Amino acid sequence: MNNIIEVRNLTFKYQKTDENHQLNDISFHVKHGEWLSIIGHNGSGKSTVVRLIDGLLLPESGQIYISGDLLTPENVWDKRSEIGMVFQNPDNQIVAAVVEEDVAFGLENIGVPGPEIRPRVEKALTDVGMLSYAKHAPHRLSGGQKQRIAIAGVVALEPKCIVFDEPTAMLDPKGRKDIVDTVLHLNKDKGITIVYITHKMEEAILADRVIAMKDGHIELMGSPKEVFTQVDRIRALGLECPLAAEVASALKKGGRDLPKILTHKELCEALCPSK
């Protein structure tokens, strides 16, 4: 099976009395080993999607399949072992007074035998570049370091897929870079499937595929180049495009014949081709 997640005709609203749905008949899939970014302004429905995938919410209609199995209230706990979640605020996921104890917390809760816990904790901390902080107190770490500890706690559980819900929203530029580098490592080097919710386009373009949402609907879906070169449609969604794509779009409107351009390098090569 190529897909770890399949969402079919999903509809949801928080209150039955609401006239409008937060999600309205959306369908998409996530392939094993890929990085899928979901973008959209606040209220577009992107965070609601991931809460449904993790079984934190129940859909009004539609189906969610995890590794080919229909997600139900009866199997939700088993399926959560395949899908890890990382939220905006790492303080909401850190529960222990020492880093290594925090990473071990989830393993202890699911009954991992004692001799297996330390190797898995050390491996997870190594994967996020935080092994040297194993004995530190989490509250003394920076925001980016705390987020990497929260990620390590999820990685230690060995999920097939990790869902990141705007993990860099509360971080400074260095913290954001550290988290993005960590996600790239987990995806490209460790083969972990990534679903990445963000409103930062410089992060979304790193994905294999992008979904753009508005008012509970999927408006665009495709590779970063296919999505972000539709500059006018992205702007209509209240989102920004990469600068190179914006410049290329303006030049095309002025009559310049250019291919689809996403990066500064592609723009430079198109404008000043080497002989």
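# Exercises on helix packing and sheet order

The crossing of helix 3 and helix 4 is right-handed. This is a predicted model. Work through the exercises with the structure open.

## Exercise 1: the helix 3 and helix 4 pair

Find the crossing angle of helix 3 and helix 4, then classify the pair.

Solution.

- Step 1. Locate the two helices: helix 3 covers residues 99–109 and helix 4 covers residues 114–127.
- Step 2. Compare the axes. They come within 9 Å and cross at roughly 120 degrees.
- Step 3. Classify the angle. Angles of 65 to 115 degrees count as roughly perpendicular and those over 145 as roughly antiparallel. The crossing therefore makes helix 3 oblique to helix 4.
- Step 4. List the contact residues. Helix 3 supplies Val-99, Glu-100, Val-103, Ala-104, Leu-107 and Glu-108. Helix 4 supplies Ile-117, Arg-118, Arg-120, Val-121, Ala-124 and Leu-125.
- Step 5. Sort them by class. The contact has eight nonpolar residues, four charged residues and no polar ones.

## Exercise 2: the buried side of helix 3

Which residues of helix 3 are buried, and what do they pack against?

Solution.

- Step 1. Apply the cut-off: buried means under 20% relative accessible area.
- Step 2. Read off the residues. Val-99, Glu-100, Asp-102, Val-103, Ala-104, Gly-106 and Leu-107 are buried in helix 3.
- Step 3. Recall the helix repeat. An α-helix has 3.6 residues a turn, so residues three or four places apart point the same way.
- Step 4. Name the partners. The buried residues of helix 3 pack against helix 4 and helix 5.
- Step 5. Look past the helix end. Gly-111 follows helix 3 and has a positive phi, near 80 degrees.

## Exercise 3: the six-stranded sheet

Give the strand order of the open sheet, and name its edge strands.

Solution.

- Step 1. Trace the order. The six strands run 6-7-8-3-9-10, with mixed pairing.
- Step 2. Find the edges. Strand 6 (83–86) and strand 10 (217–222) each pair on one side only.
- Step 3. Note the twist, which averages 15 degrees from one strand to the next.
- Step 4. Place the helices. Helix 1 (residues 46–53) lies across strands 3, 6, 7, 8 and 9, at about 145 degrees to strand 8. Helix 5 (residues 143–155) lies across strand 6 and strand 7, at about 165 degrees to strand 6.

## Exercise 4: strand 3 and its neighbours

Is strand 3 enclosed or open to the outside? Identify its pairing partners as well.

Solution.

- Step 1. Count bridges to strand 8 (residues 193–198). Five join it to strand 3 (residues 35–39), and the two run parallel. Ser-37 has Tyr-196 as its bridge partner. Leu-36 has Val-195.
- Step 2. Do the same for strand 9. Four bridges join it to strand 3, again in the parallel sense. Leu-36 stands opposite Arg-209 here.
- Step 3. Split the side chains by face. In a regular strand the side chains alternate between the two faces of the sheet. Trp-35, Ser-37 and Ile-39 point one way, while Leu-36 and Ile-38 point the other.
- Step 4. Check burial. Five of the five residues of strand 3 are buried, so the strand is largely enclosed by the rest of the structure.

## Exercise 5: strand 4 and its hairpin

Follow Ile-66 to its partners on strand 1 and strand 5.

Solution.

- Step 1. Start with strand 1 (residues 3–12). Five bridges join it to strand 4 (residues 61–66), and the two run antiparallel. Ile-5 stands opposite Ile-66.
- Step 2. Move to strand 5 (residues 69–70). Two bridges pair it with strand 4, in the antiparallel sense. Ile-66 stands opposite Asp-69.
- Step 3. Inspect the turn. Strand 4 and strand 5 form a hairpin with two residues between them. Ser-67 lies in that loop. Its phi is near 50 degrees, a positive value in a residue other than glycine.
- Step 4. Go back to strand 1, where Asn-9 is found. Phi of Asn-9 is also positive, near 50 degrees. At 41% relative accessibility, Asn-9 counts as partly exposed.

## Exercise 6: a loop residue

Which residues does Leu-57 touch, leaving out those up to four places away in sequence?

Solution.

- Step 1. Place Leu-57: the loop between helix 1 and strand 4.
- Step 2. List the contacts. They are Phe-12, Tyr-14, Thr-48, Arg-51 and Leu-52.
- Step 3. Take one of these, Tyr-14. The chain separation from Leu-57 is 43 residues, yet the C-alpha atoms are separated by 9.1 Å.

Notes. Residues are numbered from 1 along each chain as its sequence is written. This is a predicted model: local features need pLDDT of at least 70, side-chain atom pairs count only at pLDDT 80 or more; totals for chains, interfaces and linings use all residues. Side-chain values use heavy atoms; hydrogens and water are left out. Axes are lines fitted to C-alpha atoms, for helices over the stretch in contact, and angles run from 0 to 180 degrees between N-to-C directions. Angles under 35 degrees count as roughly parallel, over 145 as roughly antiparallel, 65 to 115 as roughly perpendicular and the rest as oblique. A crossing is left-handed if the near helix is turned anticlockwise from the far one by less than a right angle, and right-handed if clockwise. Contact means heavy atoms within 4.5 Å. Ala, Val, Leu, Ile, Met, Phe, Trp, Tyr, Cys and Pro count as nonpolar, Asp, Glu, Lys and Arg as charged, and the others, Gly among them, as polar. Two strands pair if DSSP finds at least two bridges between them. Buried means under 20% relative accessible area, exposed over 50%, partly exposed in between (1.4 Å probe, protein chains only).
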